[in-house]
Amino acid sequence: SYTTDTKSREENKKTLESLYSLSVDITKIRRLKEWVLLQDVAYVKEIAGILQEMGADETTVANIIERCPEAILHTPAEINSQRALWQSVCQNEKQLIKLIEQFPESFFTTDYQQNQKANILFFQELGLKNNIITRFLTSASNIFYNPVEKNKNVIETLQRNYLNLGGSEANMKVWLLKLLSQNPFILLNTSTAIQDNLEFLQKNDFTDQEVLQLLSKLKGFIFQLNSTTMQKSMLFSKNVFKCSDQELKQLVLKCPALLYYSVPVLEERLEGLLKEGISIAQIRETPMVLELTTQIVQYRIKKLSALGYDIKSGNLEILNGTKKDFEVTSGKIQSKKERPIFNPVAPLHIED
């Protein structure tokens, strides 16, 4: 609870002096969060001291404070407590200081410390490795703000549905941990939303086995959707591809993007492909191409065209995959193009 009324207040001279002594660029702080400099109490030297104890040099300390100025408003006790908590899942303090430098906002959010602690223990009990938990702490920190009961509730809903859909008890743990690792944000959903989405698929004649298949393919994104958007996207695809309900279901199983992308996104990507001279029949054959943005598709078509590959008469499968997959494929086409043609029956001209 810091005041952000900046009009009638002056910058704290003691804070400014302490920041200058640490070679912190104060103009950056004024531009980012000037209100920090107006607070009556700040713990500049103490916070810098804790970071230095962990192995941070002067440049790193200055960089952290410039990126997250409110760090200096936390008490040393709060930061030491946070340090101990994060240390419980980090290999060592060298790794910890590296994480703090990369994600200072995540580390210096100390309001939910009890929730963080309870959730870390819960994730460890579930079987998540510490390196995955540290990834969550930095890139999905808001899942730790939930009370642990809320996260437990979502996990129990997932486990129950997995078993109800025919998944085996033996495979459940591996499935769940993989799902969480791929998309921890499923924990931000309510168990009701998860239930509703699964029921929507079942009402649309997806078998239990197919729903289970979709859950794995979607990496948990299905839980961030709602039945209205899924219905609209499926109807759009049905009209575009002029297919029956059964054919549409097969297309969705082949390419879950048809389910989780909104109609405007699908429309834009479809238009981008049609402008390149690609037919609806080709897209229907390889719908996974709709998972790629229009810019990526244009870049890949241009590169293939330069190598003499005509996408209009070829297979769209060549466009799919990650950047690395595509580079490997286009590399093979290039080397094939550059290879000299050798006729094994042509006479060899050998000088006597």
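Where is Lys242 found? In this predicted model, Lys242 is found in the loop between helix H14, which spans 227–241, and helix H15, which spans 245–254. The report below takes up that loop again after an account of the domains and of the helices in the early part of the chain.

## Domains

The domain assignment of the protein gives two stretches, with domain 1 covering residues 11–110 and domain 2 covering residues 226–336. When the centres are taken over C-alpha atoms, domain 1 and domain 2 are separated by 46 Å.

## Helices H1, H2 and H4

Two packed helices are described by the angle between their axes and the distance between the axes. For helix H1 (residues 13–21) and helix H2 (residues 26–33), the axes come within 10 Å and cross at roughly 130°, which makes H1 oblique to H2. The contact brings Leu16, Leu19 and Tyr20 of H1 against Ile26, Ile29 and Arg30 of H2, and the residues taking part divide into five nonpolar, no polar and one charged.

Helix H2 also meets helix H4 (residues 58–67), and here the axes come within 9 Å and cross at roughly 20°, so that H2 and H4 are roughly parallel to each other. On the H2 side the contact involves Lys28, Ile29 and Leu32, and on the H4 side Ile65, Glu66 and Arg67; the residues of this contact divide into three nonpolar, no polar and three charged. Ile29 of H2 thus appears in the contact with H1 and in the contact with H4.

## Asn12 and its surroundings

Asn12 is placed in the segment before H1, and at 14% relative accessibility it counts as buried, because the cut-off for a buried residue is under 20% relative accessible area. The side chain of Asn12 reaches the backbone oxygen of Gln39 at 2.9 Å. If residues up to four places away in sequence are not counted, Asn12 touches Leu37, Leu38, Gln39, Asp40 and Val41, and Gln39 is therefore both a residue that Asn12 touches and the one whose backbone oxygen the Asn12 side chain reaches.

## Arg83 in helix H5

Is Arg83 buried or exposed? Arg83, which lies in helix H5 (residues 76–87), is buried, with a relative accessible area of 14%. A polar contact of 3.0 Å joins the side chain of Arg83 to the side chain of Glu53. Apart from residues up to four places away in sequence, Arg83 touches Ile50, Glu53, Met54, Glu93, Leu96 and Phe107.

## Two loop residues with positive phi

Most residues other than glycine have a negative phi. Ser23, although it is not a glycine, has a positive phi of about 60°. Ser23 is placed in the loop between H1 and H2 and is partly exposed, with a relative accessible area of 47%.

Lys242, the residue named at the start, is another residue other than glycine with a positive phi, in this case near 45°. Lys242 is found in the loop between H14 and H15, and at 69% relative accessibility it counts as exposed, since the cut-off for an exposed residue is over 50%.

## Helix H15 and what covers it

In H15, the helix that follows the loop holding Lys242, the residues Leu248, Lys249, Leu251, Val252 and Leu253 are buried. What covers the buried residues of H15 includes helix H13 (208–217), H14, helix H16 (257–260) and helix H18 (280–285).

## Ile280 and Leu273

Ile280 lies in helix H18, one of the elements that cover the buried residues of H15, and at 29% relative accessibility Ile280 counts as partly exposed. Leaving aside its neighbours within four places in sequence, Ile280 is in contact with Val240, Phe241, Leu270 and Leu274. For Ile280 and Leu270, which are ten residues apart along the chain, the C-alpha atoms are separated by 8.6 Å.

Leu273 is placed in helix H17 (residues 263–275) and is buried, with a relative accessible area of 1%. Not counting residues up to four places away in sequence, Leu273 touches Ile278, Ile283, Val289, Leu290 and Val297. The C-alpha atoms of Leu273 and Ser181, which are 92 residues apart along the chain, are separated by 32 Å.

Definitions and conventions: Residues numbered from 1 in each chain as written. Predicted model: local features only at pLDDT ≥ 70, side-chain atom pairs only at ≥ 80, totals over all residues. Heavy atoms only, no water. Helix = DSSP H or I, 4+ residues; strand = E, 2+ residues; numbered from the N terminus. Buried < 20%, exposed > 50% of the residue type's maximum accessible area, 1.4 Å probe, protein only. Polar contact = N/O pair within 3.5 Å; in protein donor to acceptor, adjacent residues only side chain to side chain. Contact = heavy atoms within 4.5 Å. Domains from an automatic or database assignment. Axes fitted to C-alpha atoms, helices over the stretch in contact; angles between N-to-C directions. Parallel < 35°, antiparallel > 145°, perpendicular 65-115°, else oblique. Nonpolar A, V, L, I, M, F, W, Y, C, P; charged D, E, K, R; others polar.
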